[in-house]
Amino acid sequence: MTTSTARASKRKAHPLADPLLQVALVWVSAFLVGWPLIQIAGARGVIAMFLYVFVIWGVLVGLIFAVSRSLRRSLPPAASGEEPEDER
Amino acid sequence: MITQHGSFSPLWLLAAIVAYVATLLAAGGWAERRAAQDRRMVGQGWLYALSLTVYCTSWTYFGSVGSAANSGMLYATIYLGPTLVMLGSWVVVRRMIRLRHRYRLSSVVDLITQRYGHSVSMGAFITLVLLIGMVPYIGLQLRALVESFAVLTGVEHEHLAVWQYADEMIVVLVILLTCAFGLRRVDSLEHQHGLIAVLAVESMIKLVAFIAVGVFVTWGLFDGLTDLLARLAADPALQQRFVDTPLAGNSYVTWMTYLVMSMAAIIFLPRMFHVMIVGNQDERHLMTAMWVFPLYLLLMSFFVLPIAVGGLLLGYPLGEADWFVIRLPFDRGGPALTLLAFLGGFSAALGMVMVACTTMAVMFSNHIVLPLIDRGLIGEHLRGGLLPIRWLLVALMLTAAQLFQQGLEDSYLLIQMGLISFAALLQFVPAGIGGLYWTGGNKRGAWWGLALGWATWAYTLLLPAVVRSGFGDTQWLTSGPWAIEFLRPQALFGLDLGSPYANTAFWSLLFNVSGYVVGSLLGQQDSDEAAIAHAFRAPFDKPQRRESDSAGKLRIACATVREQIDNLFSRYLPRQEATLAIERVQQGAFAEGETSLSGAAYLELTARAERTLAGAIGAAMARKAASETLRLSDRETAALQATLASQVADLQITPQQLREQVDYFRSLQTMSDTHGQAMEEKIAALEEAVRARDLADASRRESEQRFRSLADSAPVMIWMTSSTHGECYYNRAWVAFAGRSAGEAAREEWTQGIHRDQRADALTLIEMVKAQKSGIEQVFRFRRVDGEYRHLRVHILPRHGVDGTFLGIVGSAVDISDLLAAEQTLRRSNEELEALVGERTRELQQSYADLQEREHTIRTITDSAQDAVVMVDDAGLVSYWNPAAERIFGWTSAEALGQRLSDFLLPGRFRAAHLAAYERFQQGTPGSMLGGTAEMVALNRAGDEIPVDLSLSSTVLRGKLHAIGLLRDITERRLAADALLLEKAWSEEVVRLAPSFIIGLGRSGEIILFNDHAERLTGYAPDEVIGQRWVDVFATPEGRDEDSTAIDHALQTGEAIQHQPENSIVIRDGSRRLVSWSSQVMRENGEVKMLLSFGVDVTESRRAARELEDNYAELKLLNQRLEEAQNQLLQSEKMASIGQLAAGVAHEINNPIGFVSSNLQTLKTYSEQMLQMIVAYQAAEPTIGDVDTLARIADLKETLDLEFMQQDLPALLKESEDGLHRVKKIVVDLKDFSHVSEAEWQHADLNAGLDSTLNVVWNEVKYKARVDKHYGTIPPVECLAAQLNQVFMNLIVNAAHAIDDRKGMGTITLSTGHQDDWVWVEVKDTGRGMTEEVQRRVFEPFFTTKPVGKGTGLGMSLSYNIVHKHNGRIELSSTPGQGTRFKLWVPVEHRDPEVTVMTCRDTPDHESHDRPPLPRPFSRAGEKGDS
């Protein structure tokens, strides 16, 4: 199996480990906690904004945890001090 | 702890800080010691993640609440930005971590300078800018420490000199901690285990503290988050503040600006770069940190708004919002929570200050101090003292920060310093992030971008903050420099985004990016920078090796190289660290026996040395130092240059192109060489492996054959398996055990026969064998051919090929089931034997203990006995004398023991007999007394004889016969017996002479006692009845059974007879006597001995009493009847008197009414005539000529109102005449009602009687009821009219009283009629009605339902008697709540009395009134009245 084929296979098994998807998620998250959605939430008062921000925040933390787990599973176990394989 | 002002004691609080710092020191020291012992820390990923929380400074801990109070949710952006970065951290941050490891980057400045040509000046510039931004920021943290200390202690108001230096004390403490953990070594890339551990502890403290405060405010001061938010919602002003202030207008620009700034800060803040990039030891740790850190930020941020809202709702001023976190617990919580909150803030500030100072000191020393040394501006000797220099820098920075915060206090600059610093860090983004991905970015672009960005930042943000802090003219801000509004710092070029930070971010990034791009496009990269740019672009590629000797035949002496490297490191590092670094660099560089290095090896070695040194002094300075120190000689340089020059000339390209080509081809060649070499090695290895395998296979086959031969003949089970899961071999013993053929067995795994509970163990065993490469033995249970599981001791060995590959296992097994069973039986026998021995031993011990216990018990009993216990030995001497003997006889134990008993205890007259008897006793003749009790006398100490009971027994002690005597003093018993005899005689005499009938019955009911009085009463002599059963002699025939049962019961149960107090007996002459009894059961020793009965003859007295009672009852009845008759008579006479009085009054009134009536007729005639006369005079008035007369007549007519008088006078006379008629009628009615003159039987019209009666009682009726009359045509009735009228009156008045006037007017219906020879009169009302009980008793004398005093209860009784006198009857029907109907029937002609009352319990409209009267009533309620 070639290196590129192996990478493709891993990405398929662990989609959240894909760097491109991670970058896309950053943009989506920035959209969720940025203008204009935050203005829509703020228009309903500070309580609505409080709830909105922390719900989204909690979702983000969960998402990052999932990414972390996906990355961990996608990497081979490394010996002490060994750097992980490139996942570009 | 708490002073009288309610504050914390400064000394106490300082002690708490010291204790906390000591805890941190201990944690850090522990981590360092473990690291020194090369022991890995557990959970390093978590430690790494927690160290990132140094991002949460006191600005977060205290300031975020203030920010929330002022700007609502805007504070959240500072923590949301890092969350977004961590989401993408595997892409960006990991790239930086990889570069840090490759180039040994020690700071963010190193990252920039490494990427952009190792520019020393750029490093110095960036360091200075960061220093400008960081020192106030550190000052802000110190201020938080000092302010929180002051809040809790009130030290500013204490005026105690020593506490005025609390700030300085804290600063010194921080300096020591920073140097101890942050700056332990020169090489800042050495992992700082202690610092990371301290940061982790601090992170937990501040998180716990902040959440504790949040929970306290939310649930302690309010009723939870819902309550808090509801109150916020109910306070429009407060909500308006949160919503409008930060979010109005284009405030979302501010939101996004903060978000972007915080994203930049989390990477480029020096302290964050230090912990996140430099501090990372394993890229995998990032996978933990990427979610732990955002979760931490979420938790830290959640209670910010509730605390802010809570403080404001509780009335705290907005200006104090920064201190709500400690103010609220301090004012309303307990000291523990307050202290925790304080330590949380302390941790937040301390962590930031420690890391920030560490990184700034490293940067400052590497990028400013060392260049200055290199330029000779400061002493060369300082070069080797980098560590002390850094300590000094830390002290200076903290001192400067302290002075800064003291000088600026609450200035705008200090308060806003956090965000100002964030905006400064934003300038790293183009060069920093651009440098990672754009290889075209170069040093010039970075310079331009950074310079323009920071210049814009300084102009638009830093300078305005300085001016607002009181350093300059604010006019400059509002009107712009030189009054050019276009250049106003916070609305540069006329653009005002509503927030100074948004303005700065926009313009500075615009200029920065523009400068970076334009500068990069205009500038040129040298080869070194280009190579690094490519390496930054692709950090995950393996680094190129410079194996190939492109430098031709050039050789450099190893000694020279060693000396150069030694010089290089010795210049900057302490001796010890330098030695270690040199060893690390040279490791593997010099081949053994070689004296020179190739050019390529030399270049590789110098690069490695440079990278190692970069960890200590930074990349730029390391490059500079390496280039200065690692130099070739002129000859070597010339040779290298010549070689390169010739190659370049051959290639006909420029030097720059050459460098690129060289690098390119170097990499290609390296890859090719490496690949080729690897392939050759693999091929050779494969060929060797094939040869070895062939040999090994042949050898193995031969070996296996030998093995099988041996195995089949072995008495144990042997097998061999293959790792390729091919066929297995099992020897004959195994095949016989398993009951399979050799072929079947060969296709099975040997583990299949193992009991399923152990099968997993077998598989584990196999894995262990594989890993250990040695044999293992274990016992398994295998299924034999007969199905029985046998214990086999299995020994398995791994089989390995010559190349070390695992081939399978060889196993052997021995059936040890029988051995195990034998062992088990033996073990069980041993256990049983041991148990038996133990049991016997215990029994013996128990027996001995029982014996001792029994002896002790016996001695205790004899010592505590009330009787004397005396033991005499075979010589007749006393050998035991108990305390009771001492008490009874007066001789002490010491006096009695050893004495001859007969000498002091026996009276002289018995001594000879005693001695003779004792002699017989010694000879074995027991004697009559032994074992029995005898009464005798003994002497006491005083010589008096006392009676005793002697119980004698014997025992053998140590083979000799002893006599034991138990002597009881019976003096008192003798006296009591005498007294009892006397008492018995006296009792018998009393019984005999008693004046009562006393008999005693034995257990069978026979008479055993019969006293003299009984004899006299019954006529029987005692001899005649003693021994006979009582019931046979005295019981009456009808009472015999009852008496027998009672006596038997008493004698059997011992309970006294519960019989009738009196019963009859039959005496000798056959007559009966009534006797009153009392009895008692007599017992002896708990058993019933006798039933003793005392009787009194009450025959005569009871007869007299009964006669008296009968007489009394008759008298009482007579008296009652007499009283009733008297009352009725009184009532009747009263009514008759009233009637006579009314008749008399009517008669007397009749005469005056007669002449008044006559006169009124005459007056009427006269008045008519006079009116005619007046009319005539009026007609003649016109003829009167005298005016005066006419006037007087006119006045009189007007005054007297003659016209009205003429009309009214006839009417008055008419009314008077009507009144007289009514009076006449009343008088007639009274006379008719009373019928005074008609006391004899006469015929009367009952309708007229009803009317006259109604008129008489009209006053009682008219306000309560309407009267309906339904009179029929009835014949005159022969009656006593006055009495019947009285009946009518009673019925009508009762009917009126029965009507409840609260329900309005009722109705009384009077009806009459006749049937055959009977006339009936009915009075019906719509009143309350009567219950059945009332209906039954209504005719009883004195029965009334009216209140006391309102009725006599005789009216209806009297009416009943009147009707009875007329031989009539009364029918009564009533329903409670609906009304009552009385209907009386009287015969038209008088006949004999017979009155009947019929009660109809249905409705008042019962049809019974249409029915002729019956000769007998349905029920004769009235009869009760008769009785």
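Two strands pair if DSSP finds at least two bridges between them. Helices (H or I, at least four residues) and strands (E, at least two) are DSSP runs, numbered from the N terminus. This is a predicted model, where local features need pLDDT of at least 70 and side-chain atom pairs count only at pLDDT 80 or more, while totals for chains, interfaces and linings use all residues. Residues count from 1 along each chain as its sequence is written, and chains are lettered from A, with ligands numbered from 1, in the order in which they are written.

**Exercise 1. A sheet in chain B**

Task: Work out the strand order of the open five-stranded sheet in chain B, and find which strands stand at its edges.

Solution:
- Start with the order, which reads 14-13-17-16-15, with antiparallel pairing.
- Now look at the ends: strand 14 (1007–1010) and strand 15 (1062–1066) of chain B each have a single partner strand, so one side of each has no neighbour in the sheet.
- Going from one strand to the next, the twist averages 35° (angles run from 0 to 180 degrees between N-to-C directions, and axes are lines fitted to C-alpha atoms, for helices over the stretch in contact).
- Finally, see what sits on the sheet. Helix 44 (residues 1040–1053) of chain B packs there, touching strand 13 (997–1001), strand 16 and strand 17 (1087–1097) of chain B. A contact here means that the C-beta atoms of two residues, placed from the backbone, lie within 7 Å. The direction of helix 44 makes about 140° with that of strand 17 of chain B.

**Exercise 2. Bridges and hairpins**

Task: Follow strand 16 of chain B to strand 15 and strand 17: how many bridges join each pair?

Solution:
- Take strand 15 and strand 16 (residues 1072–1084) of chain B: they run antiparallel and are joined by five bridges.
- Pick out partners in that pair. Asn1063(B) has Val1075(B) as its bridge partner, and Val1066(B) has Arg1072(B).
- Check the link between these two strands: the hairpin has five residues between the strands, and Gly1070(B) takes a positive phi near 90°.
- Move on to strand 16 and strand 17 of chain B, also antiparallel, with 10 bridges between them. Here the partner of Val1081(B) in strand 17 is Leu1091(B).
- That hairpin has two residues between its strands, and Asn1085(B) in the turn has a positive phi of about 55°.

**Exercise 3. Three loop residues**

Task: Place Asp1201(B), Asn1367(B) and Lys1303(B): in which loops do they lie, and are they buried or exposed?

Solution:
- First, the yardstick: a residue is buried if 20 or more other C-beta atoms lie within 10 Å of its own, exposed if 12 or fewer, and partly exposed in between, with C-beta atoms placed from the backbone.
- Asp1201(B) lies in the loop between helix 46 (1187–1200) and helix 47 (1202–1234) of chain B. It counts as exposed because it has 11 C-beta neighbours inside 10 Å. Its phi is positive, about 55°, although it is not a glycine.
- Asn1367(B) is in the loop between helix 52 (1355–1365) and strand 23 (1369–1375) of chain B. With 17 C-beta neighbours inside 10 Å, Asn1367(B) counts as partly exposed. Asn1367(B), not a glycine either, has a positive phi of about 60°.
- For context, most residues other than glycine have a negative phi.
- Lys1303(B) sits in the loop between helix 50 (1281–1298) and strand 21 (1306–1315) of chain B. Its 10 C-beta neighbours inside 10 Å make Lys1303(B) exposed. Its C-alpha atom is 9.9 Å from that of Lys1264(B), 39 residues away along the chain.

**Exercise 4. Chain A and its contact with chain B**

Task: Describe chain A, then find which of its helices gives the most residues to the side that touches chain B.

Solution:
- Chain A has four helices and zero strands, and 25% of its 88 residues count as buried.
- The contact takes 35 residues from chain A and 33 residues from chain B.
- Helix 2 (19–33), helix 3 (37–42) and helix 4 (46–74) of chain A each give two or more residues to that side. Helix 4 of chain A gives the most, with 16 residues.
- By class, this side has 23 nonpolar, eight polar and four charged residues. Ala, Val, Leu, Ile, Met, Phe, Trp, Tyr, Cys and Pro count as nonpolar, Asp, Glu, Lys and Arg as charged, and the others, Gly among them, as polar.
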